[in-house]
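Hello,

Here is the structure I said I would pass on. Please open it first, then read my notes below.

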Amino acid sequence: MTDKDIKDEIIDETVENLEATTETLSGENEIETLKTELEDWKNSYLRKQAEFQNFTKRKEKEFDDLKAFASEKIVVKVLDIVDNLERAIAASSESKDFDSLVKGVELTLSQMKSTVASEGVEAIETEKASFDPHLHMAVAVEDSADHANDEIIAEFQKGYKMKGKVIRPSMVKVCKK
C-alpha cells in the first residue's frame, strides 16, 4: 500500500464521516464537531504514514541482511574443506609422504564435490554428447572420422548447472565436417 493509497483511503473515510455528521448536526456545534473529527483523521493519517515508513525501512534492512549473509551457509561448508586441505598439507610435510598427500587431496576433493552437490550443483555431461550451445562453449573444432558432426570430441573445462540453471558452460572441442 503506497502513501497515495493511504491518503486516498483516509480522505474517502473522512468525507463519508463528514457527510454523515453534517446531516445530524447544525450550527456552531456542527463546525466544532467537524473540526475535531478532521483533526482525529489527520492524526490517524500521520500515524499510518509513519507506520508504513517504518515497515518499509524494516523490510529494506531485512533484505540487505539477507543479501549480505546469503552465502554464509556455503562458506561455512567450504571452510571445513579448507581445514582438511591444510591438515593434509601439514601431515604430508611432516612425513614427506607423497602418497598420503594425494590420498588426502582426493578425500578433500570428494568432500568438496559432495558439498556442491548438496547445494544443487551438478556437472554437465559431455561424453558422447552432441554440442548444445545452452550447455557447452565450443573453443575448438576439428574434423574427425571417429565422431559424428556436432559431437563433442574433448572437454577442456567441466561445466556446471545449479538447480537446473547453467552457471558455467563446458568448454569443449566439437567435430565439424
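**Contacts and overall form**

In the chain, 59% of the contacts with a separation of 6 or more are between residues 24 or more positions apart. Please keep in mind that this is a predicted model.

The secondary structure comes to 4 helices and 6 strands. From the N terminus on, the order is α-α-α-α-β-β-β-β-β-β. The C-alpha trace spans about 100 × 55 × 20 Å along its principal axes. The radius of gyration of the chain is 34 Å, while a compact globule of 177 residues would have one near 16 Å. Of the 177 residues, 18% count as buried.

**Helix α3**

Helix α3 covers residues 72–95. How does its span agree with its 24 residues? At 1.5 Å a residue, the helix should span 34 Å. Its end C-alpha atoms are 35 Å apart, which agrees.

The buried residues of α3 are Ile81, Ala88 and Ser92. What do they pack against? Their partner is α4. As a reminder, an α-helix has 3.6 residues a turn, so residues three or four places apart point the same way. Just after α3 comes Lys96, with a positive phi of about 55°.

**The largest pocket**

About 160 Å³ of space lies in the largest pocket. Two elements, α4 (98–118) and β1 (121–123), give two or more residues each to its lining. The largest share, 4 residues, comes from α4.

Which residues line this pocket? They are Leu109, Met112, Lys113, Val116, Val121, Glu122, Ala123, Lys158 and Tyr160. By type, the lining divides into 6 nonpolar and 3 charged residues, with no polar ones.

**His136**

One residue in the strands is worth a look. His136 sits in strand β2, which covers residues 136–142. Is His136 buried or exposed? The relative accessible area of His136 is 4%, so this residue is buried; the cut-off for buried is under 20%.

What does His136 touch, leaving out residues up to four places away in sequence? Before it in the chain are Ile124, Glu125, Thr126, Ser130 and Phe131. After it come Ile152, Pro169, Ser170 and Val172.

To find your way around, start with α3 and its buried residues, which pack against α4. Then go to the largest pocket, where α4 gives 4 residues to the lining. Finish at His136 in β2.

Best wishes

Conventions
Residues numbered from 1 in each chain as written. Predicted model: local features only at pLDDT ≥ 70, side-chain atom pairs only at ≥ 80, totals over all residues. Heavy atoms only, no water. 1 Å grid on protein atoms, 1.4 Å probe; cavity = no way out; pocket = protein on both sides within 12 Å on 5 of 7 lines; lining within 4 Å. Points joined across faces, edges and corners; volume = space filled by probe spheres on them. Nonpolar A, V, L, I, M, F, W, Y, C, P; charged D, E, K, R; others polar. Expected span 1.5 Å × (residues − 1). Buried < 20%, exposed > 50% of the residue type's maximum accessible area, 1.4 Å probe, protein only. Contact = heavy atoms within 4.5 Å. Rg over C-alpha atoms; globule rule 2.2 N^0.38 Å.
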